[in-house]
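Q: Could you take me through one part of this model up close? I'd like one helix first, and then the backbone spots that deserve a second look.

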Amino acid sequence: MSLSITGSVAAAETALSQVKTEARPGAVKLAAKKKNSRKSTRKSSKRKAAKKAPKTGAAKAAPPRSAKVDAIIPVDPAWPVVPDAGIADAATEARITEIMSQMTIEEKVGQTVQADINFITPEELKTYPLGSILAGGNSSPGQNERATPDQWLQLADDYWRASLEYPSKVKIPVLFGIDAVHGHSNLVGAVVFPHNVGLGAADNPELIRRIGAATAREMAVAGVDWTFAPTVAVARDKRWGRAYEAYSENPADVAAYSGIMVEGLQGVDGARTGIKPGHIMSTAKHFLGDGGTTGGKDQGDAEMSEADLARIHNAGYPPAIEAGTLSVMISFSSWNGQKISGNKKIITGALKQRMGFDGFVVTDWNAHRQIPGCEQDDCPQAINAGVDMYMAPDTWKAVYENLLVDVKSGEVPMARLDDAVRRILRAKIKGGLFELGAPKDRALSGQWHVLGSADHRAIARQAVRESLVLMKNSNRVLPLRGSDHILVTGSGAHDIGKQSGGWTITWQGTGNSREDFPNGQSIWEGIAEATERFGGMASLSDGGVYKEKPDVAVVVIGEDPYAEFQGDRPNLDYQPGETTDLALIRKLKDAGIPVVTVFLSGRPMWTNPEINASDAFVAAWLPGTEGGGIADVLVGDSDKRPRNDFRGKLTFSWPKTATQQPLNVGTMGYDPQFAYGYGLTYASDGYVPVLPEESGLGDEAVVNVDTYFAAGRIKAPWTLNLVDASGSASGDQGVFSSPGGAVAQSAVDAGQQEAGRSLVFTGKGRGQAVISGDAVDLSRQTTGKMTLGVTYRLDAPVTGPVLLGMGADAVSTRPINIASALTAPVGAWATVKITLDCFVAAGVDVSKVGAPFSLTSDSPLSISYSSIMLASDEGDATCPK
């Protein structure tokens, strides 16, 4: 064999002893080429005092860039001094001074506030001079995630024009931002590129630049000015739900790619000379330490020295700043117990003073509310720490009003406000907002042939090819013979949503269908296209069923889509307590069919049983909409000659056990299953010995914080109880009922055999079906606007109140009558989503939820369910009154 299982750990440790300062070969080559507590009573008194203050600000010019707004804050010398990106030039600063001399305090404060399109109308911008709007993960025109490109462009145009109708001496266009973290993925028809986890494995910085440029162009045609990308986190614990947004666990890799992506988005030297049409503003995020939190917890605490924070987790920011990124987004997370968004030393001292960042700093979604002493609508601590723009999506009006009070009272110094406004205007000028005109009037706007164009799809397809990592290839089963009969099966075989992951159409990437990707190609479709070319055949199979025995099977499995904290995991066991995918692989193997497993995931996972059962195993990450890129490498010609070789190498170490985290190259005791840099090619013999199948979990329970019933079973460690006046009975499978017979349950088919459950409430006394277990904290999910989603079927018309509850335990659930929300016709499956905020309003303490689901009825009710879980609000949630 050409490489050992660990990729030769000893050799890796030697070669990577300089892991903090050296990137991988492609990145090095390109770098070398380039180098030359606020209470309501206090608020009231503050507002009264403000009435006596003058409405307009002084017409003094803002201080020139060389002036010190803050005294120099001492920081660790590990923070680098970054070469000037040229954002703040004399002409730009003079223009800003002229603009600011005509602005009122109200206009200045407005520039520092950003609202979400779901919570502000264009008409309101005529009254409130906000500096920015965003379309958050589940925000869209008319709250329709499948809105047309024309509707998106019209939306951008409406807000832009409205912002110029605010009565003022100087007209300042509103800045429109979107999370385009792997292509303009909010927009149906756009190309969705591989997530960063795959791009890191590809080790092709120039390709990353082209992806950035293609993304920018697809955003520009829709009238969008600004993307919240690139993510430059260094993911050191892969249990983190955002690990797939990181290029690598190695700081040097992240440093090699971050500036390149900024140049792709903004154009080379775009911030110095001005961003040209077809490019957009970028955001380096999330500053800082989000990839280093304890336990990999999203919005958690990064516990480490300042030197390590600077040396490891800051690695991607200096190149992004030098490349001219015009904004930096602050992390939700903390550093040694202090929220970064309120940390003046880190934001002002390290980022602005030491590293010389001249763009503006924006918070993450309502992140200011987590700063001690702050409220969601009032937080002067953030701007005083160095934040320039509040992302206050749903409380923008109160944030604006309270910040205005804080400035007039002197709690926020005028010099700090002026500095923030100067930075925002600097970005708007360099971003071209004052010259571009309204979105619909721009030269590129509405050129929809650019969206999902052949050129952009080709870039994405290349990225897919180059990101694939070959983990195993016994008996050289790969490449596949193009003239053979190939069975393609598994949950990801024909699911573009699954292969694209989170941040795709919707925030969580869930609820998508094939029709949502008119310019895309599933993995099965790509394989079918390749085999047709060479005289073979690819059959799509549900569950590995076939009529004619195939020559080989490709089994596509992996993680379902998720985003942010919804992806946090207690360990890296791929299917804890589950055998579905493994059973499918083994069934095909037992039938004498060679099996190639294609694994879709946002991180390395403990998959030793699946690797052992497969003849070949390919880590495909989250490849996006170009499934044909996988076929380009897996399927050879009719003589089994490869058309493209494997190029991908691991930038995240693959664990030996499900509990082996954090696991990072260059650290003490480094002992992975497959090491950083591992990746076979067709020149390798591909043999991998049998791997140990002890997960390391023992008998410990895995808490499913957000999934309670799925795939025909209650998810451990939750239990189901049927309760009435006579007592409680526990169970899941088969038929059982509450002790007094008020409610009974039985299994029903729901897509698959017995994948659902039927509940029959007799009306003879109150009956309750409740799922309960040890209490979990759903605070983050509530902050993230999640819902309790139930896929249901009415088996008879509703005759009375239907109470959906949640609470600390089965006894203390707080009910909501959802009868009016059960609108599906009798016999039809549908999903009802009740916002977690709705339960909060009903009195539920979401920090201690031991009964996440309770269904109660006094009247006769016949209802079935097939899924109960926390789900993203995609504009389809409700809170019944």
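A: Here is a walk from the helix to the whole chain and on to some backbone details.

Keep in mind that this is a predicted model. The helix to zoom in on is α6, residues 149–163. Does its length make sense? With 15 residues at 1.5 Å each, α6 should span 21 Å, and its end C-alpha atoms sit 22 Å apart, so the two figures agree.

Now for what α6 hides from solvent. Its buried residues are P149, W152, L153, L155, A156, D157, Y159, W160, A162 and S163. In general, an α-helix has 3.6 residues a turn, so residues three or four places apart point the same way. In α6, W152, A156, Y159 and S163 are among the buried ones. What do the buried residues of α6 pack against? Their partners are two strands, β2 (132–135) and β3 (175–178), plus the helix α17 (433–436).

Zooming out, the protein chain holds 25 helices and 31 strands. Its radius of gyration is 28 Å, close to the 29 Å from the globule rule for 881 residues, so the chain is as compact as a globular protein of that length. Along the principal axes, the C-alpha trace spans about 80 × 70 × 50 Å. Buried residues account for 63% of the 881. The accessible surface is about 30300 Å², with 52% of it belonging to carbon and sulfur atoms. As for charge, there are 88 positive and 98 negative ones, and their mean positions lie 5 Å apart.

Next, the backbone. As a rule, most residues other than glycine have a negative phi, and most peptide bonds are trans. Two peptide bonds to check here are cis. One joins A229 and P230, with omega about 10°, and P230 sits in the loop between β4 (226–227) and α9 (251–266). The other runs from F287 to L288, with omega near 15°; L288 belongs to the loop between β5 (283–287) and β6 (301–302).

Then there are two asparagines with positive phi. N366 has phi near 55° and lies in the loop between β10 (360–362) and α14 (380–385). N475 also has phi near 55°, and its loop runs between β12 (469–473) and β13 (485–489). Are these two buried or exposed? N366 has a relative accessible area of 2%, so it counts as buried, whereas N475, at 74%, is exposed.

Key. Residues are numbered from 1 along each chain as its sequence is written. This is a predicted model: local features need pLDDT of at least 70, side-chain atom pairs count only at pLDDT 80 or more; totals for chains, interfaces and linings use all residues. Side-chain values use heavy atoms; hydrogens and water are left out. Helices (H or I, at least four residues) and strands (E, at least two) are DSSP runs, numbered from the N terminus. The expected span of a helix is 1.5 Å times one less than its number of residues. Buried means under 20% relative accessible area, exposed over 50%, partly exposed in between (1.4 Å probe, protein chains only). Contact means heavy atoms within 4.5 Å. The radius of gyration is taken over C-alpha atoms; the globule rule is 2.2 Å times the number of residues to the power 0.38. Accessible areas come from the Shrake-Rupley method with a 1.4 Å probe; for residues, only the protein chains shown count as cover. Lys and Arg count as positive and Asp and Glu as negative; His and the chain ends are not counted. The place of a charge is taken as NZ of Lys, CZ of Arg, CG of Asp or CD of Glu.
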